[in-house]
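Thank you for making room for this today. Please take a moment with the sequence and the structure before I start, and then we can go through a few parts of it together.

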Amino acid sequence: DKSVRLPILTSCCPAWVNFFEHHFPDMLDIPSTARSPQQMFGSIAKSYWAEKMGISREKLVVVSIMPCLAKKYECDRDEFKVNGVPDVDYSISTRELARLIKRANIGFTLVLDSPFDKPMGESTGAGVIFGTTGGVMEAALRSVYEIYTGQPLKNVNFEQVRGLSGVRRATINLNGFELKVGIAHGLGNARHLLEDIRNGHNEYHVIEIMACPGGCIGGGGQPLHHGNSDVLYARANALYREDANKPLRKSHDNPYIQKLYEEYLGKPLGEKSEMLLHTHYFNKSID
């Protein structure tokens with residue numbers, strides 16, 4: 001069992017990744033090596049899905065629609081390209097999508113709802129809540145609890161990590177083991193937490209950081225909220241409602257994820273999943 005430098009930091013927010021590469025290059029070994037959902041989707045779409053559909057990687061174009069503007073920069077990073085071809089070709093913001101819908105004169109209210117295509121369209125409630133601050137932590141805790149304790153988690157709602165205060169702390173009891181978690185949104189709050197860790201004052205096992213206020217729901221590509229916390233609360237509550245109504249609410253229960261590992265990736269942290277789902281970080285400090 002190899003030792004891990006704690007705390008583990010989340011790595012799904014590219015603005016935050018860019019921030020720590022520039023300002024905390026001495027701590028590049030503590031963020032999780034897991035790619036963001038955008039980049040995981042792109043690499044799986046252009047490998048597993050492309051093979052299933054009999055389409056060559058070069059002929060496939062992946063477009064993501066995101067609440068985030070930093071995703072545009074993220075999909076252009078060289079480590080997310082294979083022979084110069086990016087895993088995600090274009091990332092557009094939710095505001096840009098809204099403009100495209102208006103320009104195309106689509107009556108959105110007249111369009112019938114339909115499910116996402118299989119095999120990659122199935123999502124769980126844990127995937128839905130990634131968009132709000134504390135949601136990544138809660139999604140991870142739902143899986144960590146069951147995998148670590150080997151027991152079913154009866155109540156999947158981790159209320160103690162929810163809310164919009166800038167820095168939140170919680171202790172989660174995993175059958176006697178006390179897991180200490182921290183959550184921060186806004187890069188000023190992130191800087192304080194990282195400086196504490198750098199100075200040896202660390203009480204956490206894992207910390208979730210989002211650059212934007214409220215998490216991705218307050219992203220730079222979203223309809224502007226002008227710092228109005230009522231808007232952010234309404235968006236967060238919409239995600240928690242969506243999660244509550246999902247038949248599956250834990251990531252590891254997603255049948256398509258299970259099948260993806262069985263058919264293609266092998267096992268978590270195996271050679272193939274390491275190559276397609278993980279990444280590394282760079283010292284970008286100007287000094």
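Let me begin with one helix: how many residues does helix α6 have, and how far does it reach from its first C-alpha to its last? Helix α6 covers residues 135-149, which makes 15 residues, and its reach is 21 Å, close to the 21 Å expected at 1.5 Å a residue. I should say at once that this is a predicted model, and that the mean pLDDT of the protein chain is 93, with 98% of its residues at 70 or more. Confidence is lowest in helix α7, residues 187-198, where the mean is 91, and highest in β5, where it is 98.

Staying with α6, is this helix mostly covered or mostly uncovered? It is mostly covered, since eleven of the 15 residues of α6 are buried. Among the buried ones are G135, V136 and M137 at the start of the list, and Y145, E146 and T149 at its end. As for what surrounds them, the buried residues of α6 pack against α5 (125-128), β6 (167-174), β7 (177-185), β8 (206-210) and α8 (229-244). The helix is followed by G150, whose phi is positive, near 70 degrees.

One of those neighbours, strand β6, contains N173, and the C-alpha atoms of N173 and Y145 are separated by 8.9 Å, although the two residues are 28 apart along the chain. Is N173 buried, partly exposed or exposed? With a relative accessible area of 48%, N173 falls under the 50% above which a residue counts as exposed, and therefore it is described as partly exposed. Its side chain also meets the backbone a little further on: a polar atom of the N173 side chain lies 3.3 Å from the backbone nitrogen of N175, and the side chain of N173 reaches the backbone nitrogen of G176 at 2.6 Å.

Now to the sheet that β6 belongs to, which is an open sheet of four strands in the order β1-β8-β7-β6, with mixed pairing. Here β1 and β6 stand at the edges, and because each has a single partner strand, one side of each is left without a neighbour in the sheet. Turning to β8, we find that β1, residues 8-9, pairs with it in the parallel sense over two bridges, with I8 standing opposite V206. Five bridges join β7 to β8, again running parallel, and V206 is the bridge partner of V181. Which way do the residues of β8 point? V206, E208 and M210 point one way, while I207 and I209 point the other way, and all of these are buried.

Finally, I would like to look at another helix, α2, which spans residues 37-53, and to ask where its kink is centred. The kink, of about 40 degrees, is centred on A45, and A45 is itself one of the buried residues of α2, along with others including I44, K46 and Y48. The buried residues of this helix pack against β2 (63-66), α3 (70-74), β4 (85-86), β5 (90-93), α9 (255-265) and α10 (271-277). Just after α2 comes G54, which takes a positive phi of about 70 degrees.

Conventions:
Residues are numbered from 1 along each chain as its sequence is written. This is a predicted model: local features need pLDDT of at least 70, side-chain atom pairs count only at pLDDT 80 or more; totals for chains, interfaces and linings use all residues. Side-chain values use heavy atoms; hydrogens and water are left out. The expected span of a helix is 1.5 Å times one less than its number of residues. Buried means under 20% relative accessible area, exposed over 50%, partly exposed in between (1.4 Å probe, protein chains only). Contact means heavy atoms within 4.5 Å. A polar contact is a pair of N or O atoms within 3.5 Å; within protein, one must be able to donate a hydrogen and the other to accept it, and residues adjacent in sequence count only if both atoms are side-chain atoms. The bend at a residue is the angle between axes fitted to the seven residues ending there and the seven starting there. pLDDT is the predictor's confidence in each residue, from 0 to 100. Two strands pair if DSSP finds at least two bridges between them.
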